[in-house]
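Reader: I am new to this structure and would like to go through it slowly, one question at a time. Could you show it to me before we begin?

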Amino acid sequence: MKTLKELAEQLKRVDLSALFINDLTRFDAFSRTFDGLLLDFSKQRLTLEVLDALEALTVQHDLQKWMAQLFSDQPINETEQRAAMHWALRVPHDDTKLPHINEAVHAQLERMSALVNKIHAGQCRGATGEVITDVVNIGVGGSDLGPLMVTHALSDFKVPTAKPLNMHFVSTMDGSQLSALLHQLRPETTLFIISSKSFGTIDTLSNAQTVRVWLEKALGHSEQVLKNHFVGVSTNVDKMTAWGIHPDHQLLLWDWVGGRYSLWSCIGLPIALTIGVAGFQALLAGAHAMDEHFKTASFKENLPMLLAMIGIWNANHLNIQTHAVLPYDGRLKYFAAYLQQLEMESNGKSVQRNGEDVAWSTCPIVWGEVGPNAQHAFYQLLHQGTHAVSCDFIAPIERYTAKQFTYAENESALIEQHHLALANCLAQSRLLAFGSQSLSQAELANLPKYQHYAGNQPSSTLLMDELNPRTLGMLIALYEHKVFVQSVIWRINPFDQWGVEKGKAIANQILPILAGQSLDSADLDGSTQGLLQRLMDKNYG
């Protein structure tokens with residue numbers, strides 16, 4: 001068998017168009033399906049020989065051993081001595097593996113479900129007795145991006161409630177989101193969810209304190225205000241209680257749930273409030289189905305493994321250091337941002353598990369946008385720029401046809417718009433792959449050079465039968481497991497984020513100087529001292 005290095009040198013001299021010309025059945029050989037998902041990777045610059053070599057690489061790196069450790073309660077996150085059991089959040093209640101974990105998880109899901117049903121029924125009231133009509137999720141990172149992404153993606157599945165229920169998200173520490181939002185809300189009918197794994201994140205607690213002052217200014221200082229207008233989701237009961245969250249409104253998660261993997265827990269309360277308890281259960285069921293597929297399918301049928309190892313091939317052997325995520329569905333507006341955190345916070349590492357520096361590229365830069373918007377923004381770079389970029393195109397096959405939707409005379413026009421989006425999705429991946437060779441001879445005859453397209457930009461296309469709670473759960477879990485497989489090959493720990501923590505610690509050193517509580521900036525660099533002086537002159541001069 002040729003080495004991956006040898007195969008890469010060989011494939012660098014071959015255009016995608018040649019691979020298709022030489023194999024008229026290439027799509028059949030390089031596409032896979034699982035439970036309503038289709039992964040087409042025929043437009044990747046690889047061959048069956050490359051797939052064999054990538055499979056051998058997973059064996060060389062003991063992937064199955066690492067998978068067994070992941071799907072256990074062992075501390076796979078060695079720098080924090082924690083397990084990484086986000087998968088346990090979606091295990092059915094009747095599962096007999098790790099019963100103590102399963103019981104704890106479902107106890108919290110039942111508490112969350114009871115609260116959701118109470119709010120939906122109009123039985124959750126503010127301090128003045130009025131029904132809650134607005135819910136604001138205060139979080140940051142995984143406590144914001146996950147729920148925000150999913151609630152937007154599943155907006156078509158919003159359940160009816162006794163009174164219309166509006167969901168809002170606040171994450172910025174500068175207060176800009178919160179300031180604009182509070183002007184639109186009534187204190188008497190607003191419930192705030194404080195989502196913080198540690199209940200010590202300064203961004204989140206700063207926003208929470210601001211809304212507490214806003215509420216108490218309007219409704220007075222009382223335990224009733226705190227009880228009726230706040231829900232806490234955290235691992236830290238003591239801090240929630242000290243802040244004033246009533247025990248009946250405290251929902252728990254565990255230190256083995258990473259923030260970017262936490263939407264499956266009670267951090268997903270905004271999701272359940274949007275799509276209902278049954279919808280949230282369908283989301284979990286879809287993710288669990290992907291877990292089982294990942295654990296049991298052979299390499300060449302395993303969607304997460306294939307997606308991961310194609311990424312390894314592109315980043316480490318074809319030297320493609322940037323990856324674009326391009327959904328052709330407006331409901332997936334926040335999906336690329338969600339994957340940025342999932343992939344780059346997990347695998348943006350340069351130190352191996354054994355403490356040595358890595359000698360290879362790890363996570364590529366992940367970016368993206370909803371496809372139709374991206375076409376008018378950065379597709380120019382994709383098609384005619386100088387950067388090698390790999391892409392994931394994502395689209396639902398059906399839209400506007402499900403029985404639960406009623407569009408009357410607009411239905412045919414909306415379906416036509418969906419077909420337009422799908423046509424663009426297929427056209428863009430075709431042009432990226434084949435460039436000017438996808439044009440007719442008549443078009444090419446007098447084509448100026450500035451209208452030529454190099455092509456040979458690799459991409460995969462993920463089609464789902466439709467975008468619903470179950471298929472979205474599968475899609476998210478697919479990328480979670482992709483990230484894990486790549487971490488094994490790169491020999492890094494994907495479950496810590498020390499690069500995030502240090503910046504926050506330094507900010508806490510600078511904050512007292514800005515607040516006028518300290519004048520000691522001697523330990524800071526000249527640039528930071530100069531910037532601080534400018535800020536101080538403007539604020540206090």
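**Two sheets, three listed residues and some aromatic rings**

Author: Let us start, in this predicted model, with two neighbouring strands: strand β6 (residues 230–234) and β7 run parallel and are joined by three bridges.

Reader: Which residue in β7 is the bridge partner of G232?

Author: The strands β6 and β7 are joined by three bridges, and G232 takes part in the pairing with a partner that lies in β7. That bridge partner of G232 is Q250.

Reader: In what order do the five strands of the open sheet with parallel pairing stand?

Author: At the edges of this sheet stand β4 (166–170) and β7 (250–252), and each has a single partner strand, so one side of each is left without a neighbour in the sheet. Neighbouring strands are turned against each other by 20° on average, with direction ignored. Read across the open sheet, with its parallel pairing, the order is β4-β3-β5-β6-β7.

Reader: Which helix lies across β3, β4, β5 and β6?

Author: Two helices can be placed against this sheet, and α6 is one that lies across β5 (190–195), β6 and β7, running at about 145° to β7. The helix you ask about runs at about 160° to β5 and spans residues 202–219. The helix lying across β3 (134–138), β4, β5 and β6 is α9.

Reader: There is also an open sheet of six strands; in what order do they stand?

Author: The pairing in this sheet is mixed. Its edges are β1 (31–34) and β9 (365–368), each with a single partner strand, so one side of each is left without a neighbour in the sheet. The twist from one strand to the next averages 15°. The order of the six strands is β1-β2-β11-β10-β8-β9.

Reader: In which sense do strand β2 and strand β11 pair?

Author: Parallel pairing does occur in this sheet, since β10 and β11 pair in that sense over six bridges, and β8 and β10 do so over five bridges. Strand β2 (residues 37–40) meets strand β11 (residues 459–464) over four bridges, and L37 stands opposite M464 in β11. The sense in which β2 and β11 pair is antiparallel.

Reader: How many residues of β10 are buried?

Author: A residue counts as buried when its relative accessible area is under 20%. On one side of β10 the buried residues are S390, D392, I394 and P396, and on the other they are C391, F393 and A395, so that both faces are covered. The strand is therefore largely enclosed by the rest of the structure, and the number of its residues that are buried is seven of the seven.

Reader: Which helix lies across β1, β2, β8, β10 and β11?

Author: This helix covers residues 469–490 and runs at about 150° to β11. Among the strands it lies across are β8 (322–327) and β10 (390–396), and the helix is α19.

Reader: Which of the residues that UniProt lists for "active site" does the lining of the largest pocket include?

Author: The unreviewed UniProt entry lists E345, H376 and K504 under that name. They are spread over 160 residues of sequence and also in space, up to 35.8 Å between C-alpha atoms. Of these residues, the lining of the largest pocket includes E345 and K504.

Reader: Is H376 buried or exposed?

Author: H376 is found in the loop between α15 (371–375) and α16 (379–384). K504, by contrast, lies in helix α20 (residues 498–514) and is partly exposed, with a relative accessible area of 33%. The relative accessibility of H376 is 73%, and the cut-off for the class is over 50%, so H376 counts as exposed.

Reader: What kind of aromatic pair do F20 and F434 form?

Author: The structure holds 14 aromatic pairs. In the one you ask about, the centres are 5.2 Å apart and the planes stand at 85°; the pair links distant parts of the chain, with F20 in helix α2 (residues 16–22) and F434 in helix α17 (residues 411–434), 414 residues apart. F20 counts as partly exposed at 23% relative accessibility, whereas F434 counts as buried at 12%. Because planes over 60 degrees apart fall in this class, the pair of F20 and F434 is edge-to-face.

Terms used: Residues are numbered from 1 along each chain as its sequence is written. This is a predicted model: local features need pLDDT of at least 70, side-chain atom pairs count only at pLDDT 80 or more; totals for chains, interfaces and linings use all residues. Side-chain values use heavy atoms; hydrogens and water are left out. Two strands pair if DSSP finds at least two bridges between them. Axes are lines fitted to C-alpha atoms, for helices over the stretch in contact, and angles run from 0 to 180 degrees between N-to-C directions. Contact means heavy atoms within 4.5 Å. UniProt positions are given in the numbering used here, feature names are shortened, and annotations may be inferred rather than shown by experiment. On a 1 Å grid over the protein atoms alone, a cavity is a set of points where a 1.4 Å probe fits but cannot get out, and a pocket is an open set with protein on both sides within 12 Å along at least five of seven lines; lining residues have an atom within 4 Å of a point. Buried means under 20% relative accessible area, exposed over 50%, partly exposed in between (1.4 Å probe, protein chains only). Rings of Phe, Tyr and Trp (its six-membered ring) pair if their centres lie within 6.5 Å; planes under 30 degrees apart count as stacked, over 60 as edge-to-face and the rest as tilted.
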